[in-house]
Amino acid sequence: MTEYELYQIRSAQLIREAQHHRLVREALRGRRAARRAALRESAQNDTEGQGHSRRHGRHRFTRAA
């Protein structure tokens, strides 16, 4: 094979890999958006009003030794 043919094969391979990475990234973005939408929807349906604390079960102060 000539160098030009090898160059064409490698170029086509890189194009396919780039397309695959774009597709994977797009799928991840879609899953994250769906997860955020589901969390927003569940938060709107929450009637208990749990507040907006980010601690989730962690104590404010450390335990004494």
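Ile9 lies in helix H1, which covers residues 3–45; helices are DSSP runs (H or I) of at least four residues, and strands are E runs of at least two, numbered from the N terminus. The model is predicted, with local features requiring pLDDT of at least 70 and side-chain atom pairs pLDDT 80 or more, while totals for chains, interfaces and linings use all residues. Residues are numbered from 1 along each chain, and side-chain values use heavy atoms, without hydrogens and water.

The protein has 1 helix and 0 strands. Of its 65 residues, 0% are buried (under 20% relative accessible area; exposed, over 50%; partly exposed, in between; 1.4 Å probe, protein chains only). Ile9 is partly exposed because its relative accessibility is 43%.

Together with Met1 and Leu6, Ile9 makes a nonpolar surface patch of about 340 Å². Patch residues have over 30% relative accessible area and no salt bridge (Lys or Arg side-chain nitrogen within 4 Å of an Asp or Glu carboxyl oxygen), with nonpolar side chains joined within 5 Å and like charges within 9 Å. Arg36, also found in helix H1, belongs to a positive surface patch with Arg22, Arg25, Arg29, Arg31, Arg32, Arg35 and Arg40.

Technical notes:
Accessible areas come from the Shrake-Rupley method with a 1.4 Å probe; for residues, only the protein chains shown count as cover. Lys and Arg count as positive and Asp and Glu as negative; His and the chain ends are not counted. The place of a charge is taken as NZ of Lys, CZ of Arg, CG of Asp or CD of Glu.
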